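Hi everyone, thanks for making time. I'd like to walk you through a structure that's probably new to most of you, so let's get it up on the screen.

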Amino acid sequence: MIKIAIPENNLIICDEFERMLIKFPLSKETDKVQVIAHKGKFHIAYLTDGRTRVNQTCFDLEIRENICGILGFFIKDEQKGKGYGKSLYLIVEEIAKYFRCDRIQTSPSGQGLSFWPYMGFDRKCDIGIEKML
């Protein structure tokens with residue numbers, strides 16, 4: 001079971017996230033998801049080794065109103081080019097839909113400059129680019 005830190009009054013979210021993340025080919029029992037609810041926003045972090053973001057596959061999201069913001073999205077170098085980025089992104093999209101977001105936004109850099117258009121991000125927005133859901 002993936003370890004999920006979430007307020008107890010949101011246990012349904014816990015079950016939903018585990019169902020979503022179990023689809024990721026690299027998911028394992030030591031993975032961690034942290035969900036923080038604060039002032040109408042949700043902050044969601046997924047860590048594949050359960051420790052830090054350094055040299056690991058992970059994502060960091062902020063859900064506010066109808067927007068899912070990707071604050072961080074990283075794939076280990078040895079895992080790139082094998083479809084893991086797309087698989088992980090599809091989970092991000094599923095989470096955004098779960099929260100009834102109508103768009104996903106990110107501010108790409110580095111290798112992400114070519115990845116995000118491949119995932120359908122084709123509109124410019126205040127922070128970078130976005131995809132309508």
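Let's start with E130, which is buried, at a relative accessible area of just 2%. Before going further, keep in mind that this is a predicted model.

So which side chain does E130 meet in a salt bridge? That would be R123, with an N to O distance of 3.2 Å. R123 itself is partly exposed, and its relative accessible area is 39%. Those two aren't on their own, either: D102, R103, R123 and E130 are linked in a network of salt bridges. As a bit of background, side chains of opposite charge can pair when their charged atoms come close.

How many salt bridges turn up in a search of the whole structure? Eight.

Let me show you another one, between K131 and E93, where the side chains come to 2.8 Å, N to O. K131 sits in strand 8, residues 129-132, and E93 in helix 2, residues 84-98, so this pair ties together parts that are 38 residues apart in sequence. Are these two buried or exposed? K131 is buried, because its relative accessible area is 17% and the cut-off is under 20%. E93 counts as buried as well, at 11% relative accessibility.

Now look at D77 and K80, whose side chains also meet in a salt bridge, at 3.2 Å from N to O. Here D77 counts as exposed, with 59% relative accessibility, while K80 is partly exposed at 36%.

Okay, let's leave the charges and talk about the nonpolar side. In soluble globular proteins, nonpolar side chains tend to be buried together. In this model, the largest nonpolar core has 29 residues, and the ones touching the most other members are I44, F59, I70, F73, Y89 and I95. Which elements give two or more residues to this core? They are helix 1 (11-21), strand 2 (32-38), strand 3 (41-47), strand 4 (58-64), strand 5 (67-74) and helix 2. The largest share comes from helix 2, with six residues. That's the helix where we met E93 a moment ago.

Last stop: I44. What is I44 in contact with, leaving aside its neighbours within four places in sequence? The list includes F17, V33, V35, F59, L61, I63, I95 and F99, and also Q34 and D60. Two of those partners, F59 and I95, were named with I44 among the residues that touch the most other core members.

That's the tour, so over to you for questions.

Note on methods:
Residues numbered from 1 in each chain as written. Predicted model: local features only at pLDDT ≥ 70, side-chain atom pairs only at ≥ 80, totals over all residues. Heavy atoms only, no water. Salt bridge = Lys/Arg side-chain N within 4 Å of Asp/Glu carboxyl O. Buried < 20%, exposed > 50% of the residue type's maximum accessible area, 1.4 Å probe, protein only. Helix = DSSP H or I, 4+ residues; strand = E, 2+ residues; numbered from the N terminus. Core = buried A, V, L, I, M, F, W, Y, C linked by side-chain atoms within 4.5 Å. Contact = heavy atoms within 4.5 Å.
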